[in-house]
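Visitor: Could you take me on a close look at one part of this protein, the largest cavity and the helices around it? I work at the bench, so please name the residues as you go.

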Amino acid sequence: MRTGTKRTQNHASKEIADMKQLDFVKPLDLKEVEKFVASHIAKFHQRRLESAGKMDLKAILKRKNPYLFRAKNMNRAGDLINGFLDAAISSSEEEIFGDFLEDLAIFIAKETYGAEKSPAPGIDFQFNKDGITYIVSVKSGPNWGNSSQQDKQEENFKRATKVLKGSSHTRHVEAILGICYGKTRTTSLRGYQKIVGQNFWYFISGNENLYTDIIKPLGHRAKECNEEFQAKRDALANRLTMEFMKEFCDENGYINWIRLIQLNSGNLHLNPIIH
């Protein structure tokens, strides 16, 4: 690598590490952020209700590990269903709320940097600043993706960087993986910068306290929405328990674990092993 190129990359990395040197397109208006959060958090709660309403017994039983519940000696149909249901709901909620956080980050970047949605696969938005094009992919939390998904993200960054560098007006590209929550330090790996938690919200806003400022509007109608969700969740648990007892309990009320495991994992007839 030539010395000049190395100097340019070091300069870009220093700008990310020392964000107070950046001049933003416009200061972030917290009232606009609060409006966005209040409006979109309602959609989050609505999606939770819709997701719960679509859950059916066999789909839930197929998604989770029945061996674990058997090892925990769960012998009451209601307890077992609650275990399966809570695991399914938790997974669904994390995905739905992750989408909300990612949308919020994109909204803020548009407000401050004038960021635009990137046409490149796997890149959420991009913006130009001081001769550098930043390409940003947003993840809700630090434990995102398996190794193949992380490899795919690295490949997406490389491909987008190559395309942009082929453009006559793009001199330098900096790839950023933004993580909405977490406490790890900013690191450089796999050819991109990973910026986490407070540092990430600061990076896209210039506001050191934004990561705490968004807490208050997140509580908009939270009590009312959660009470509505809990009522629907309890009714769903009751319905699924009745269905479970009809299909997976014997006449004495005992759970037929063999039948449950067969539903969850029986697949030899789909693809027999060839000896």
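Guide: Happy to; we will start inside the cavity and then follow its helices outward. Please keep in mind that this is a predicted model.

A search of the whole structure turns up one cavity of 30 Å³ or more. The space in this largest cavity comes to about 40 Å³. Its lining is made by Arg48, Ser51, Ala52, Met55, Ile89, Ser92, Glu93, Ile96 and Phe229. Two elements give two or more residues to that lining, namely helix H2 (30-53) and helix H5 (77-113). Of the elements, H5 gives the most, with four residues. Sorted by class, the lining holds five nonpolar, two polar and two charged residues.

Now let us see how those two helices sit against each other. The axes of H2 and H5 come within 10 Å and cross at roughly 160°. An angle over 145 degrees counts as roughly antiparallel, and H2 and H5 are therefore roughly antiparallel to each other. Their crossing is right-handed. On the H2 side, the contact is made by Glu32, Val33, Phe36, Val37, His40, Ile41, Phe44, Arg47, Arg48 and Ser51. On the H5 side, the partners are Ser92, Glu93, Ile96, Phe97, Asp99, Phe100, Asp103, Leu104, Phe107, Ile108 and Glu111. By class, this contact of H2 with H5 has 11 nonpolar, three polar and seven charged residues. You may recognise some names here: Arg48 and Ser51 of H2, and Ser92, Glu93 and Ile96 of H5, take part in this contact and also line the largest cavity.

H5 has another neighbour to show you. Its axis and that of helix H7 (residues 198-205) come within 8 Å, crossing at roughly 35°. Here Leu101, Leu104, Ala105, Ile108, Ala109, Thr112 and Tyr113 in H5 meet Phe200, Trp201, Phe203, Ile204 and Ser205 in H7. The class count for this contact is 10 nonpolar, two polar and no charged residues. Leu104 and Ile108 of H5 touch H7 and are also in the contact with H2.

One cavity residue is still waiting for its place. Phe229, part of the lining, falls within helix H10 (residues 222-248), which packs with helix H11 (residues 257-265) at an angle of about 105°, their axes 9 Å apart. H10 and H11 are therefore roughly perpendicular to each other. Their contact is made by Phe244, Glu247 and Phe248 of H10 and Arg259, Leu260 and Leu263 of H11. By class, that gives four nonpolar, no polar and two charged residues.

Technical notes:
Residues are numbered from 1 along each chain as its sequence is written. This is a predicted model: local features need pLDDT of at least 70, side-chain atom pairs count only at pLDDT 80 or more; totals for chains, interfaces and linings use all residues. Side-chain values use heavy atoms; hydrogens and water are left out. On a 1 Å grid over the protein atoms alone, a cavity is a set of points where a 1.4 Å probe fits but cannot get out, and a pocket is an open set with protein on both sides within 12 Å along at least five of seven lines; lining residues have an atom within 4 Å of a point. Grid points are joined across faces, edges and corners, and a volume is the space filled by probe spheres set on the points. Ala, Val, Leu, Ile, Met, Phe, Trp, Tyr, Cys and Pro count as nonpolar, Asp, Glu, Lys and Arg as charged, and the others, Gly among them, as polar. Axes are lines fitted to C-alpha atoms, for helices over the stretch in contact, and angles run from 0 to 180 degrees between N-to-C directions. Angles under 35 degrees count as roughly parallel, over 145 as roughly antiparallel, 65 to 115 as roughly perpendicular and the rest as oblique. A crossing is left-handed if the near helix is turned anticlockwise from the far one by less than a right angle, and right-handed if clockwise. Contact means heavy atoms within 4.5 Å.
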